[in-house]
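Could you walk me through this structure while I have it open in my viewer? I would like to know what to select at each stop and what I will find there.

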Amino acid sequence: MTTEETALVDADLSVATSIEDSRKEARIYEIGYHIIPTVKEENIEKIVGEIRSAIEKDGGSFIAEGAPSLMKLSYAMSAREGDRRVEHDRAYFGWIKFEAGMEIVVALSEMLKKDPSFLRFVIFRTVREDTRAKMKAPTLREVKRTDTIKSAPRRAPTEESAAPVSEVDLEKALQDITTE
Amino acid sequence: MSNNILTQNDIQHVDYKDVDLLRQFINPHGRLVSRRRTGLTAKQQRAVEAAVKRARFMGLLPYVQK
């Protein structure tokens, strides 16, 4: 083997090692998943446990988690149940943020594709910090009306209403009402 | 000085689960609002687009609304 050939082989090896390193390098991911609504509530924890064990198996670690809760979907999703397709308009939605290598994510994705309990899932790279927005979107119900009430000019009491009503007038008015 | 929802509320990351926030960037038909109307920076608009698309895929937002 000539010197040039040796250098080429070395270069190939270093490329291979860097690819291997990047596969093992831990990155932050988030998985969001929908579990089909026909699953009993007591079995949900067991199904989520499968995801957790797949992440932990090769040294992955958890950062944050959102417990699955039943929610209405914006559109019906179809899932295979045996040899027929069933449409679901609600599902248990949960999410987990974790740190793991690429090979764990590939294995996890393959595992979830085969599992019929999962209606749909998404895995993507994210950041360690909490990404949920702190602000609360303004809604119509939150519109404050106190300002408008305060700014409205107060009506000055009219002279007519302020004047004391005499006993005689009151008696006369009552008489008129009763005679009618 | 940009004056958009994300900058005003100091939001650095857009999460696909923040449906109430994302609804402000889609029109009544469920389509993404253009950058001209959102007033977002190019980077923010890309983040919002990615989040809306993830939310649609996961059924948190509709693809089309009647």
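Here is a tour that goes from the overall layout of one chain to its sheet, its core, its partner chain and two last stops.

**Getting your bearings**

Keep in mind from the outset that this is a predicted model. Select chain A and colour it by secondary structure: you should find 6 helices and 4 strands. Following the sequence, the elements of chain A come in the pattern α-β-α-β-β-α-β-α-α-α. Of its 180 residues, 14% count as buried. If you turn on a contact map, look away from the diagonal: among contacts in chain A with a separation of 6 or more, 78% link residues 24 or more positions apart.

**The sheet**

Now show only the strands of chain A. The 4 strands make an open sheet in the order 2-3-1-4, with antiparallel pairing. Strand 2 and strand 4 of chain A sit at the edges, each pairing on one side only. Look along the sheet to see the twist: neighbouring strands are turned by 20 degrees against each other on average, direction ignored.

Start from the edge at strand 2 of chain A. It is joined to strand 3 of chain A by 14 bridges, and the two run antiparallel. One of the pairs to label is A:R80 with its bridge partner A:R85 in strand 3 of chain A. The two strands form a hairpin with 2 residues between them. Zoom in on the turn and pick A:G82, whose phi is positive at about 70 degrees.

Move on to strand 1 of chain A, residues 27-35. How many of its 9 residues are buried? The count is 7, so this strand is mostly covered. Strand 1 of chain A is joined to strand 3 of chain A by 9 antiparallel bridges, and it pairs with strand 4 of chain A over 7 bridges, again in the antiparallel sense. A:I31 is a good residue to centre on: its bridge partner in strand 3 of chain A is A:I96, and its bridge partner in strand 4 of chain A is A:I123. Also in strand 4 of chain A, the bridge partner of A:H34 is A:R120.

**The core**

Next, show side chains. Nonpolar side chains in soluble globular proteins tend to be buried together. The largest nonpolar core here has 19 residues, and the members touching the most others are A:I31, A:I35, A:I51, A:I55, A:A100 and A:L108. At least two residues each come from strand 1, helix 2 (41-57), strand 3 (84-100), helix 3 (102-114) and strand 4 of chain A. Strand 3 of chain A gives the most, with 6 residues.

Centre on A:I55 to see part of this packing. Leaving aside neighbours within four places in sequence, A:I55 is in contact with A:G60, A:F98, A:A100, A:I104 and A:L108. Apart from this core lies another, of 16 residues, including A:A133, B:L22, B:V52 and B:L60.

**Where the chains touch**

Bring chain B into view. Here 16 residues of chain A are in contact with 17 residues of chain B. On the chain A side, the elements giving two or more residues are strand 1 (27-35), strand 2 (61-81) and strand 4 (118-125). Which of them gives the most? Select strand 2 of chain A, which supplies 4 residues. Colour this side by class and you will find 9 nonpolar, 4 polar and 3 charged residues.

**Two last stops**

First, go to B:D10, in the loop between helix 1 (5-8) and helix 2 (19-22) of chain B. Most residues other than glycine have a negative phi. B:D10 has a positive value, near 55 degrees. Is B:D10 buried or exposed? B:D10 counts as exposed because there are 9 C-beta neighbours inside 10 Å, and the cut-off for exposed is 12 or fewer.

Then finish at helix 6 of chain A, residues 167-179. Helix 6 of chain A is hardly covered: among its 13 residues, the count of buried ones is 0. Try a distance between the end C-alpha atoms of helix 6 of chain A: they are 18 Å apart, which agrees with the 18 Å that 13 residues should span at 1.5 Å a residue.

Key. Residues numbered from 1 in each chain as written. Chains lettered and ligands numbered in written order. Predicted model: local features only at pLDDT ≥ 70, side-chain atom pairs only at ≥ 80, totals over all residues. Expected span 1.5 Å × (residues − 1). Buried ≥ 20, exposed ≤ 12 C-beta atoms within 10 Å, placed from the backbone. Contact = placed C-beta atoms within 7 Å. Nonpolar A, V, L, I, M, F, W, Y, C, P; charged D, E, K, R; others polar. Core = buried A, V, L, I, M, F, W, Y, C linked by C-beta atoms within 7 Å. Pairing = 2+ DSSP bridges. Axes fitted to C-alpha atoms, helices over the stretch in contact; angles between N-to-C directions.
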